[in-house]
Each structure stands twice: as structure tokens, then as C-alpha cells.
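Colleague: Before we discuss this protein, please put the model on the screen. I would like to ask how some of the usual terms are applied.

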Amino acid sequence: MAKRIVIALGGNALGNTPYEQLALVTETAKPIVDLIEQGNEVVIAHGNGPQVGMINLGMATAAEAKAIKSDMPFPECGAMSQGYIGYHLQNAIGNELAARGIVKDVATVVTQVLVDENDPAFQNPTKPVGAFYDKETADRIAAEKGYTMVEDAGRGYRQVVPSPKPIDVIEKNTVNALIKDGCVVITVGGGGIPVVRKDGKLYGTPAVIDKDFASAKLAELVHADALVILTAVERVCINWGKPDQQSLSEMSVEEAEKYCGEGHFAPGSMLPKVKAAISFAKTGGQAIIASLENAGKAVKGESGTIVHL
């Protein structure tokens with residue numbers, strides 16, 4: 001049975017340079033097009049943590065060197081990352097569709113996502129962005145630029161920025177119209193451009209919304225049957241890296257919340273994925289955490305971890 005599926009693709013899976021990314025998305029497109037070929041309506045969200053951080057750092061460095069007149073605010077960096085990542089994805093997916101003789105448009109929507117200006121996240125930056133550094137380099141960057149740098153899941157040190165929760169997707173009606181018209185839509189890239197509403201107007205705010213939470217909100221707003229959050233492992237595990245490590249084919253919302261409370265999931269890695277899955281499952285949809293290569297099997301219940309009420 002065909003489904004409406006929102007796929008959340010991680011920014012770390014897209015490569016460290018635009019050239020590497022362009023090569024990687026050619027492979028990324030294949031399991032996504034498999035789902036489309038099966039008759040499913042597919043909406044794609046993606047992360048941008050490495051990309052937006054590098055854009056921001058590059059612009060700031062160029063401004064300091066007087067090569068350009070000013071640095072680039074974070075909302076604009078987010079928009080830039082949405083544009084070029086979206087281009088790569090729609091190009092690769094479009095080429096794969098054409099190679100299989102499937103006539104279908106692919107469109108990227110540069111998306112604003114509403115957040116609350118009083119969200120406590122603005123007082124506690126937690127979202128890792130940009131490249132990984134050793135501690136010495138991270139300390140130097142923090143001292144020079146005033147960034148908050150933290151250790152990220154044993155992989156090195158990264159800058160962290162505020163990560164407020166998404167309230168609404170401003171362009172949801174546009175996305176719904178494109179889906180209804182048969183398009184493959186790429187949207188809420190990097191979690192969307194965070195905006196706050198003041199005096200009836202929208203204003204960009206310096207933050208990065210977690211793409212998994214934005215994907216869950218999007219899936220709710222487009223009435224998706226399933227939210228598929230892609231990660232590097234086939235299934236969610238508890239007691240990760242310990243002798244009693246256990247992979248899970250399913251979790252109830254209650255079990256997932258219990259495991260979160262017990263600290264089974266790393267804050268910069270699996271924790272936001274599980275919490276986003278919980279959020280969507282609570283709306284009555286099916287949330288799945290799986291690896292990219294097993295996305296098709298996961299939708300059929302043959303792989304991944306299903307989170308349900």
C-alpha cells in the first residue's frame with residue numbers, strides 16, 4: 001500500500017565539501033527513488049549542521065580578512081545551505097528518476113520555520129554545527145571568535161548554537177500543494193530557517209533548528225503516514241557499546257521515553273532522533289529510525305526501529 005513518507009536525511013551523510021556531497025547524493029538518491037518507484041509520495045528533509053557551520057565560519061573569516069564587506073547572519077547561512085543542498089538532492093533524484101523512466105518533478109522549497117523567541121534554548125546553545133576540531137584548535141577558535149565549543153559524541157569538538165523547537169512551517173500550504181500535484185518535495189532543509197513573529201511580521205533569528213524535530217513537525221502538518229529518520233546504524237540500540245548492547249526493532253512511546261530518561265542515547269546523535277520519533281508517534285503516525293540503505297525495508301517493517309503509541 002502506497003504511503004506519504006517524510007524522510008529525514010542527516011547533514012553528516014552529505015559529505016564535507018560540495019564536491020564530495022555531489023558524489024554522495026548520487027548514491028543517496030537510489031533508495032529514495034526506490035520508495036517513489038513503489039508508488040509512495042516522498043517528502044525529503046535534510047540536515048545542514050556541517051554545511052551551515054562552514055558557511056558561517058567561511059564568511060566570518062573572509063570578513064575579518066577584509067575580502068568581503070561583512071559576515072553572513074545565521075538565518076542567511078541557513079538559506080544558502082538549503083539552496084545548494086536542495087539543488088544537489090533534486091539534481092541527483094531527478095537524474096535517478098529519469099534513468100528509470102519515471103516522469104516526476106522534484107522541487108526544493110526554501111522554508112521558514114516558526115520558533116518561540118522565549119524558547120529557553122536561546123539561553124543554552126546545544127546544536128553542533130560545522131567541522132570537527134581537536135581540543136587545541138577548538139579552544140583557539142572559541143577564544144578568537146567567542147564561539148561555544150563542545151565535545152560531540154567522541155568525534156571531536158564543534159561549535160554549538162541555540163536549537164529552539166519548531167512550532168510551525170510557514171510554507172506548509174505550498175509544500176502540501178506540490179505534494180498534491182505529484183512533486184517530490186525537498187523542504188525544511190537544515191530544520192528550516194528559524195523565524196520569530198513580532199508585530200505580525202516574521203524575522204530571522206540566529207539559531208539552527210534540529211532537522212529531526214522539524215521533520216516530525218512537517219510530517220504532522222502534511223499528514224504523513226510515516227516519518228523515516230535516517231541514521232548510520234540499522235536499528236536503535238540501548239546500552240550502546242556495552243557487553244549487553246541490544247538492538248530494538250520497535251519501541252512504544254512509553255519505552256522510548258524511559259530509555260531517554262535513563263541516558264541510553266547520545267545528546268548530539270541518537271537522542272534528538274528518538275525524541276522526534278516520539279513526537280510524531282504521539283500524533284498517531286508511524287515513526288521509523290533506520291539506515292539509508294535499509295529505508296525501503298524499514299517502511300515495510302523489515303528493518304529499522306519503529307516507534308509507536
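**Surface, shape and core**

Modeller: The accessible surface of the protein is about 14,200 Å², and carbon and sulfur atoms hold 50% of that surface. Such areas come from the Shrake-Rupley method with a 1.4 Å probe, and for residues only the protein chains shown count as cover.

Colleague: What should I know about the model itself?

Modeller: The model is predicted: local features need pLDDT of at least 70, side-chain atom pairs count only at pLDDT 80 or more, and totals for chains, interfaces and linings use all residues. Residues are numbered from 1 along each chain as its sequence is written, and side-chain values use heavy atoms, leaving out hydrogens and water.

Colleague: Why is the protein called as compact as a globular protein of its length?

Modeller: The globule rule is 2.2 Å times the number of residues to the power 0.38, and the radius of gyration is taken over C-alpha atoms. The rule gives 19 Å for 309 residues and the radius of gyration is 19 Å, so the protein is as compact as a globular protein of that length.

Colleague: What share of the 309 residues is buried?

Modeller: Buried residues, those under 20% relative accessible area (1.4 Å probe, protein chains only), make up 51% of the 309.

Colleague: What makes a set of residues a nonpolar core?

Modeller: Its members are buried Ala, Val, Leu, Ile, Met, Phe, Trp, Tyr and Cys residues joined through side-chain atoms within 4.5 Å. The largest nonpolar core has 47 residues, and Val6, Met251, Phe265, Val274 and Val307 touch the most other members. A second, separate core has 30 residues, including Ile5 and Leu292.

Terms used:
Buried < 20%, exposed > 50% of the residue type's maximum accessible area, 1.4 Å probe, protein only.
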